[in-house]
Each structure stands twice: as structure tokens, then as C-alpha cells.
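Visitor: Please pick out one part of this model and take me through it slowly. I'm a first-year student, and I'd like the terms spelled out along the way.

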Amino acid sequence: MTPRIRRFTRLLTAHIDGPLLMVMMVLMGIGLTVIYSGSNQGISRVSSQMLNMLVALTVMYVFANISPHALTRIALPLYLLGVLLLVCVALFGEVVNGARRWLFIGVTRIQPSEIMKIAVPLMLAWYFDRYQSALKLKNYIIAVLLLIVPVGLVVRQPDLGTALLISAAGAYVLFLAGLSWRIILGVAAAGAACMPFVWSMMHDYQRQRILTLIDPTQDPLGSGYHTIQSTIALGSGGVFGKGWLQGSQTHLDFIPERTTDFIFAVFSEEFGLIGNSLLLVLFLLIIARGVVITANAPTLFTRLFGGAITLTFFTYAFVNMGMVSGILPVVGVPLPLISYGGTSMVTVCLGLGILMSIQTHKKLVQS
Amino acid sequence: MAELTINPGFELRNSRLEIHHFRLRLAIASTAVLCMFSLLFARFFYLQVVQHSYYTTLAEANRISIVPIVPNRGIIVDRNGVLLASNYSAYTLEITPGKVEDLDAVIDDVATVVEITPRDRRRFKKLLEESKSFESLPIRTRLSDEEIARFAANRYRFPGVDMNARLFRQYPQGELFSHVVGHIGRINQRELDQLDDDGFAANYRGTDYIGKVGLEQSYEASLHGTTGVEQVEVDSGGRPVRTLSRTMPVSGNNLVLNLDAKLQEVIYEAFGDYRGALVAVDPKTGGVLAFVSKPGFDPNLFVDGIDPQNWKELNESIDRPMVNRALAGTYPPGSTFKPYMALAALTYGKRRPEQRISDGGGFNFGGRFFRDDKVGGHGLVDMYKSIVVSCDTYYYMLANDLGIDNISNFMRQFGFGSRTGIDVTGEAGGILPSQEWKQRRYKQKWYAGETISIGIGQGYNAYTPLQLAQAVATLANDGVMFRPHIVNYVEDTVTRKRTVVEPQPLRTIDLKPEHLKVVKNAMVGVNKEGTGARAYAGAPYVSAGKTGTAQVVAIKQGEKYVESRVQERNRDHALFIAYAPADDPKIALAVLVENAGFGARTAAPISRQVFDYYLLGKKPTPLKAGKENPNDPAD
């Protein structure tokens, strides 16, 4: 009996990465605690987030059990589907809040740009893996084109935040694949030179966000309001914070989007610098685990894809906390594993599931 | 790329070199991650440690709203406790223009629930022009219980329209005290700036009204009180969540006046249809017993903003009800000047009391004939007679003998031509003519001929009724002059502590008792056997007085003033100064009746009624304007 159950359990958990899951659970617990406070002790929000977590953990479990090799097979179709959908958005998409981001397919609306967050690094990792024996400049140029096409489509929607995140994911793959420093520096220089041109291409609200970042007081009741209020929340939290459920900025409604994009302001106000440091450490632990897994990954594909997932996770956390603390412009990026919302929870867990898969399928490949 | 092209073409996957290169890149990325997180930590440290107190202040400012609690304004009562200015609480309907898109449409809508008269609309328009759009302005005041209920039920239909309980100022005596008590009104920008300059702006947070004229203005600092403060926690929408602390306001102080509302009413009635002014003071303290300027106006009109139509009527009325005649109107004193002239003559040794002059009906000076009021003159006149019958010729000559500088130096001591310093603002200074004054005013030298008519209180002479009252009070009090004050004491509403406005002796004029006796005796003679005798016939007390007539229009050389020929508004003003009882004066007064002709006929009887009421408690009988009495004694 006992050995059989043990064997069965081992089979079930064979593809779960213990350390990663542990840190994830701690972060999710923190998330629930803060959502409870941010929603003014709303049990319904907490329980619906628990449901989101359940779904996300299931997705994670499923992807942890799928071999990375299987993913290489869907890379190209998924990418092509994503691009097709983006083209459809550009042609038939619904306009919400002045941006054409959504596509209505029969029963529900989808946002194809979300798919590209996974599809682009997957595609690029697959591409490099496929041509790894003889990588030439041409391959890099093709990879860059593979990246530019969806990013361009997303920029046109316009959705600058998502476009930047997709480019980041793609860029990580390119960087890890060994893109020459000369080209990296060259592109960086060219990018800087293009800034005025990009500025003239930007929409007014996009420019406004950047201007607001430089000086939030310029528009204290308009676009600067969120940044000012979340900065006040952070600063007034101090070293120890105001205590759970005690944040005045939070509970008197000064912080917008308290359970989603600005949840970090709530956390930071109530738990202070000590809480923030703990959160940074927890995120670093996940990233470190991702780096370790990636460094030991068996194939170029898993290395590139795993690296991209790890660095994308970092990007989400960094951009969100940077935005809330007022050093980055306000873009709609949730705080991974903490913010309320099913989509982001599932996406993040899916990525971490793939990391687990890379880690746990390694032995199988080697053996 | 260079790294990868050196891959020597081995078909071996995962070559060590390749992995080495990858790990190098990964290490670089990890370092970048650490750097970025350090950057975040630095930012957190900066916000939460370095700038912590700054952001705490901001968060508190966000959270806490300071709500002023307006103190109750002090009330004003007369010497017997009769209410002159009080407060009452009532509901008002207020619109915040900034929150409303189409004002007229909203007002029309509100009018279906609560009655809104055209007057209310006009008044609202006027307020709107004077205010800022974020202030809430009353469209209707004093809602009835039924209206309150009806609006409350329909409130949801009117965003930006609120019903508020407010304290209102009320002046129960209406017109009677309009010029003394004054009134409050909405604070305007100029007053706001003034409050700011004086450092009182904080105490006026939440206060909409301020004293505009009269005691309401001059005692503003006492009446207003100290504004209380409530600290309220608010959410981002500014809605109050809970009260954190509260400092109660301190009510303003009450004013208890020397005035007697009953006496004031007696005087008002005694004036009948005439316009004019009367100031009565207690000669021994300077306490003002009566202060009338007629006509007045209803001060209640101003409390919640006067509507343009009433404003126009008040401003354009030929009777000029807005002018405080007692305080700011200046008039020639006429013959009421004569007792002081006589006193000056004695003091400067220019006349002896028994010294007689011959009045042949006038005085010739420099080719000009100064006519006596009595055709043919009064014959031989000594000082006593000169006052009792009011002989002009005696004073033409005296003025000439004294000279303008002696006259002005002497009269200045009695307060002629200078502000009395009464505790109401807006006092006029009047004109005490002198060589120096004329040089300053007209850049001309004084002509000796101009001195002559000064002697009978005409010419450049122009004084306020208040100055006339103060002068006669000083005379009655044997030269000891007090600063007139309307307020008896200021009462602290909390501690009931009284701050008495102490009588302030301004100066004691150096006068010889025997000189005073002569003049005062002659003034008693006026009321006994002279120009005031008819008015004072049968009085059970001994009083002293002097009639006067002030020319409104100059009479041509050699022409006699015939009242019936002169248009009503151009008729002479009647004047009377008096005090009683003569041996121990308790009340001194000056009364001016506009366009009423001889002082003896209208002004003296009014003074009689004041004395009768004040000394005996008798009720008055009113006068009728324009009533002819052919048997007038000459003034």
C-alpha cells in the first residue's frame, strides 16, 4: 500500500518544482491578503481570486507535465495564428477606449496581443534552436523581423505597454541567443537617435504619460493623479508601514485600481519598506530559480525560452513596482502573482509551469 | 554573433563553449536584474525613509479636511435689553454655480418645488456677479416647513442645489436703528483682502457675512467671535467619513448700548414726516442716548444680499435714506453757534455781559449790509438778550471784533470741525473756517467780510449734528468734553464678563465759571422767554436751549427770506441745541430738521418731547410736515 501510494504521489508531483512552487504560494498568499485590504475587506474578491489561482495552478500543472519538446511543435502555428489574429484586429477589431485591441470571435472577445507575449519568445526560441548549427547574420535579421511584425501590429492598436513587453520578451531571446554586442549597441544608438521621430509618431495620451512621469504635478488631477497618490501611499508607509487594513490612502479611496495594477501601493502603504524588501526578495528567489533552471537546461530551445520567461517575469515585477513608485510611466502591467485578475495569473503560472517542465524533463532528455 | 560563428561546425549539440557563452549572457542579465531591483530598493528607501515625513504630511492633508464652524455673531441690545440685532436659524436653498450647467434651467426647475420670486432671481444674479463659481449662493432664504419637506423629497433631482441651515441676522427694529446699528452683508473681495492683510482671514473661513456699516462694522472684531474647527476624515471624493476632533467656536460678544430703543422711537415719531437728525448724549459720560437719522431704510434687505430694484430705489430716492445725516451730514449751525460766540467774547474780553449794542436792523461792513432777521432790529441788546432773542446784529459785530482766528481757535476746543471719535465709522469732519483752512482749501486769503456771517453760524461753517451735540454737552458739562460712545459695554457671551466702554474725557476747556454762568443763564432764558419758550411752555423742569436756522439757499442781498415762496427742498433747515435739567444736566442734544424753516417751530418741540420722555417718561405727539404756523417767533 504505502510504497504504491508513494510511487503514485511521486508520479503526480514528478514535474513540480518544489522551491518554485513554495515561493509562488507565499506570493499568492500575500496577494490574497492585500486584495482583502484593497477591496475594503471584500470576501467576494478574495474568493474569486482564489478561483483564479486554482485555474492558474491547474494550467501550471498541465504545462509542467508537457514536455518542452512538445512546445517546439506548436511554436510556429501559435505564432502564425497570433499574427493572423492581430491582422484581424487591425481590420475588424472593436474599439474600446480609443484603442483597437479586442477581437470578437463568436461568443467572446479576445485580446490577441496577450497571446503574443508567449508566442513571440516561443517562436524565436524555436527558430534559433532550429538553425543553431549554422547561425548567421541572416538568421538574426529574420528573428528581428519575426519580432517586429507582431510588435508593429500591437503598437498600431495602440497598446504601447504590451508592445514593449512583447519586444522585451523577444529581445531577451535575441540577447541570450548571442546577438553580437556591436549590433546591440548599434541598435541602442539608433534607437536613441530615433527618439524624436518616435515621439512625433506617438499618440497624445502616450506622450502625456511620459510627460507626466517627468513631472506628475503638471497634471495633478488628470494623468498625474495616480502616480502622485501611489507615491504618497508609498512614502507615508515608512519603514514599518501603517499596518494591515490601516492604510489611509487605500481605505479612503485615494489609490486607483487598488486590487489590480496599483495593488503594490496598497501593500507598500500597509507594510512599509520591510514589506517591500520581503517582496523584492521573493521575486528575486523566483527569478534566481528560473536562472538556475535555465542555466542547466538541456537544449538551446529550453535555455532561450526559459530565460525569456524568467526575464519577462522580472520585467512585469519591475515595471509594475517602478510605475507605482513613480519612476516609470503608467502602463497597464499587473504585479505578477499578487494583482487580482485571472488572465495575468494564468499567464504567469503558465510560464512558471513551463520552467518546471524544463527543469523536470531535463533528466528524461539526458537519460 | 562573433561568438557563435567560431562554432567550429561540430555537429555536437550543447557544446561546452556554447553553454559557456549562454551562461555568460545569463549572468549579465542576472546582474542587470539585480541592478534594477537595487534601483527599486533605492527608490523605496528614498520615498519611505528619506521623504517619509513629507509624504506623511501629504497623506494627512489628503485624508483630513478642516471644516470651519462659524461662531454665532454677538447680538446687539439697547440699554434696557431690547433686541436691536439678533440671529435666527433658517433653512436656505443654495446653488453652487460651478456644479450646475444651465443655471436658469435649474432655477426654473427648482421653482416648481419651492417658490422663487423675481426678486429672488434678481438678487441671485447680483450675488453671482460678485462671487466665485465654487461658492454656494442662496437662491431662496427662510424656507417654510412645507417647502423644506417638499425640497427634501425632490432633492435627488437637483445636483448642485443644497438646503442648508444657516444663522441669519435680523434687525427687529427695522428702519429705526438702520444708521446706528448698521447691517451686515456678504463679504466682498476688498473686505477679504483687508482681512487677509490684518491676519484675520483664517478666523473668517466659513463666514459669509461681515459688518458693512454702523456698529456692525465698527465692532466687527467683537461681534464676530472665534471660528471653531472640525477635523473631518474625508475620502477621495471629499465625502466626510468621520470626525477626528472638534474645537467649538466661541460666540461673538454682545453689545449693550447706551441708546434707548423707546427714546429712539419717540424721536422718530416726533419727527413726523420730516427728515433730519438728532443726537442726544449724557454730558457727564459721553454715552449716546439717542442717535437718529431720518429717513432710514430696512437693514434686513441687506442681510442676504439686496436685490437690484430695492437698491436702486434706496440709492436714487430724493430723501437719500442711505445717508447717515447725524454722522456724515454737515450743516451750518446757524444761530446755535451764538452761545459759543458769546462765550468766546467773554473769554477773549471782547464783551462784558451787560455791555449793550444798538441793533438798527443790521450791520454795515465794507459796503455790504448784513441784515438782521428782525426788520428794524432789536434795539438795545446786551449779551443775555442777544441769545434769548437771537439777535444777528450783535454777533455780526462780535465776529468782526473777535476776528476769524480767535473764533476758530475757540470753537476748535468745543470740537467744531473735527471728528468726535465716536465708536461708529464713517464720521464726517465738517468745516471750521479759518485763514489757514481757506488758504489750504481755496488757495485764497481770508477776507474780513467773510468773518461777519461766521458769527451767526453761516458762511463756511459746516458741522455734523453729532458735533453740535457734543459741543452742547461740553457746554452743559462746564467745558469737560467726553468722547461720545454708543456702546455701553461689551458682554462676553461665555463668561458674562462685561467690558465697559469707559467715559473718556477728551479735554477740559479753560473757561471761567462766571462766563459759563452768563451764557448758560441766557440759554435757560431762551426756553423760558425767548425763541424756545413756546416749545417749552409748562415744562416741569428747567432746560436750556438755543434755536437755529441754517440756510440751504443763499438769499440775495437785501432780499427777505419768505418761507412760502421757497420750494420745499430749498427751505431752511431748523436746528435746536439743548440740555436739561439746567442745573444738573442729564441729557444734551442737537436736533436738525431738514427744510423745516425756523428752528423754534419744528426742532425745539422735538427736543421738548425727548426731554419729556427721558426725564419724565412722557409719550410724544408727532409733528406734521409743511404745516403753516403764521405766528412763528423770529429765530
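Guide: Let's begin with a term: a crossing of two helices is called left-handed if the near helix is turned anticlockwise from the far one by less than a right angle, and right-handed if it is turned clockwise. What you see is a predicted model, where local features need pLDDT of at least 70, side-chain atom pairs count only at pLDDT 80 or more, and totals for chains, interfaces and linings use all residues. Residues are numbered from 1 along each chain as its sequence is written, while chains are lettered from A and ligands numbered from 1 in the order in which they are written.

Here's the pair to look at: helix α10 (residues 224-237) and helix α12 (residues 263-295), both of chain A, pack with their axes 7 Å apart and at an angle of about 20°. Helices are DSSP runs of H or I with at least four residues, strands are runs of E with at least two, and both are numbered from the N terminus. The axes are lines fitted to C-alpha atoms, for helices over the stretch in contact, and angles between N-to-C directions run from 0 to 180 degrees. That angle makes α10(A) roughly parallel to α12(A); the word covers angles under 35 degrees, with over 145 being roughly antiparallel, 65 to 115 roughly perpendicular and the rest oblique. And there's our first term at work: α10(A) passes α12(A) in a left-handed crossing.

Who actually touches? On the α10(A) side you have S230(A), A233(A), L234(A), S236(A) and G237(A), and they meet A265(A), S268(A), E269(A), E270(A) and G272(A) of α12(A). Contact here means C-beta atoms, placed from the backbone, within 7 Å of each other. Sorted by class, this contact has three nonpolar, five polar and two charged residues. (Nonpolar is Ala, Val, Leu, Ile, Met, Phe, Trp, Tyr, Cys and Pro; charged is Asp, Glu, Lys and Arg; the others, Gly among them, are polar.)

Now follow chain A to its partner, since 43 of its residues are in contact with 38 residues of chain B. Both of our helices turn up there: α6 (137-156), α7 (160-176), α10, α11, α12 and α13 (300-324) of chain A each give two or more residues to the side that touches chain B. α12(A) gives the most, with ten residues. That side of chain A divides into 24 nonpolar, 17 polar and two charged residues.

Just before α12, look for D253(A), in the loop between α11 (248-251) and α12 of chain A. Its phi is near 75°, a positive value in a residue other than glycine. D253(A) is partly exposed, with 16 other C-beta atoms within 10 Å: buried takes 20 or more such atoms, exposed 12 or fewer, and partly exposed lies in between, with C-beta atoms placed from the backbone.

Step across into chain B, which has 22 helices and 23 strands and 635 residues, 43% of them buried. It has an open sheet of five strands in the order β12-β11-β23-β22-β21, with antiparallel pairing; strands pair if DSSP finds at least two bridges between them. At the edges sit β12 (288-294) and β21 (544-550) of chain B, each pairing on one side only. On average, neighbouring strands are turned by 5° against each other, direction ignored. Inside the sheet, β22 (573-580) and β23 (587-593) of chain B share seven antiparallel bridges, and L575(B) has L592(B) in β23(B) as its bridge partner. Helix α22 (603-616) of chain B packs on this sheet, touching β11 (276-281), β12, β21, β22 and β23, and makes about 150° with the direction of β23(B).

The loops around this sheet are worth a glance too. The peptide bond between A580(B) and P581(B) is cis, with omega about -15°, and P581(B) is in the loop between β22 and β23 of chain B. Another cis bond runs from K294(B) to P295(B), with omega near 0°. N595(B), in the loop between β23 and α22 of chain B, has a positive phi of about 50° although it is not a glycine. N595(B) is buried, with 21 other C-beta atoms within 10 Å.

Terms used: Two residues are in contact if their C-beta atoms, placed from the backbone, lie within 7 Å.
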